[in-house]
Amino acid sequence: MTTIPWRNVDRQPFAFSDVDGLVSAVSKIRFATYRQSTDSDRGALQLYTWNTAVAATFHGPLQSLEITLRNAVHDVMSTAHGTRWFDTARLLRPAQVSTVERAVEHLRRVGKQPTANRVVSELPFGFWVALFANAYDTTIWRSELYRIFARRIKNR
């Protein structure tokens, strides 16, 4: 028998049984968002727990997407521009240049050499997604990034 997560809060891997504990942990304002959607504190607690379980379900697939996308982008861009392609300011918009600079600075701050592989791993998912924006259509999309998908589309 399949159980509906929000109806079976006590069997969830991340379950709160104490409303006061949850409210003090997440804040009254955050809890109020859940409280508005139900008629009781217990219902709000169940919604919060259900939301956490749903978010956890998406973590694995999103992590795989992020790693696969970043590695594919890095491969095609490295082939065309070298492994430190992200240091070439003419390729990136200012927002992405800043993101790379923050990643490099973070690596240095924690005592790691900012090698190409480390920088690539440090860049957030939003950096990789931004490379597919219209702003990059006539620059890196048409010259490099399309290669990530071209073979897969052609073979259909």
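Helices here are DSSP runs of H or I with at least four residues, numbered from the N terminus. Gln 63 sits in one of them, helix α3. Keep in mind that this is a predicted model.

**The overall picture**

By that count the protein has seven helices and zero strands. Walk along the sequence and you get the pattern α-α-α-α-α-α-α. There are 156 residues in the protein, and 29% of them count as buried. The accessible surface comes to about 10,400 Å², with 53% of that belonging to carbon and sulfur atoms. As for contacts with a separation of 6 or more, 55% of them come from residues 24 or more positions apart.

**How α1, α2 and α3 pack**

Two packed helices are described by the angle between their axes and the distance between the axes. Here is how that works out for three pairs.

| Pair | Angle | Axis distance |
|---|---|---|
| α1 (residues 19-26) and α3 (residues 41-81) | about 55° | 10 Å |
| α2 (residues 28-35) and α3 | about 100° | 8 Å |
| α1 and α2 | about 125° | 6 Å |

Let's start with α1 and α2. Their angle of about 125° lies outside the ranges for roughly parallel, antiparallel or perpendicular, so the pair is oblique. On the α1 side, the contact uses Val 19, Leu 22, Val 23 and Val 26, while α2 brings Lys 28, Arg 30 and Phe 31. Sorted by class, that makes five nonpolar residues, no polar ones and two charged ones.

Next up, α2 against α3. Angles of 65 to 115 degrees count as roughly perpendicular, and at about 100° these two helices are therefore roughly perpendicular to each other. From α2, the residues involved are Arg 30, Phe 31, Tyr 34 and Arg 35; from α3, they are Asp 41, Ala 44, Leu 45, Leu 47, Tyr 48 and Asn 51. The contact of α2 with α3 has six nonpolar residues, one polar and three charged.

That leaves α1 and α3. With an angle of about 55°, this pair is oblique too, and the crossing is left-handed. Val 19, Leu 22 and Val 26 of α1 meet Asp 41, Leu 45 and Tyr 48 of α3. The class split is five nonpolar, no polar and one charged.

Some names keep coming back. Val 19, Leu 22 and Val 26 touch α3 and also take part in the contact with α2. On α3, Asp 41, Leu 45 and Tyr 48 meet α1 and are likewise listed in the contact with α2. Arg 30 and Phe 31 of α2 appear in the contact with α1 and again in the one with α3.

**Further along α3, and over to α6**

Which residue has its C-alpha atom 9.1 Å from that of Gln 63, although the two are 62 residues apart along the chain? The partner is Phe 125. Gln 63 itself has 40% relative accessibility, so this α3 residue counts as partly exposed.

Gly 126 has its place in helix α6, which covers residues 125-130. Is Gly 126 buried, partly exposed or exposed? Its relative accessibility is 47%, so Gly 126 counts as partly exposed. The C-alpha atom of Gly 126 is separated by 9.3 Å from that of Glu 66, and their positions lie 60 residues apart along the chain when counted as a separation.

Conventions
Residues numbered from 1 in each chain as written. Predicted model: local features only at pLDDT ≥ 70, side-chain atom pairs only at ≥ 80, totals over all residues. Heavy atoms only, no water. Axes fitted to C-alpha atoms, helices over the stretch in contact; angles between N-to-C directions. Parallel < 35°, antiparallel > 145°, perpendicular 65-115°, else oblique. Left-handed = near helix turned anticlockwise from the far one by under 90°. Contact = heavy atoms within 4.5 Å. Nonpolar A, V, L, I, M, F, W, Y, C, P; charged D, E, K, R; others polar. Buried < 20%, exposed > 50% of the residue type's maximum accessible area, 1.4 Å probe, protein only. Areas by Shrake-Rupley, 256 points an atom, 1.4 Å probe, with all protein chains shown as cover.
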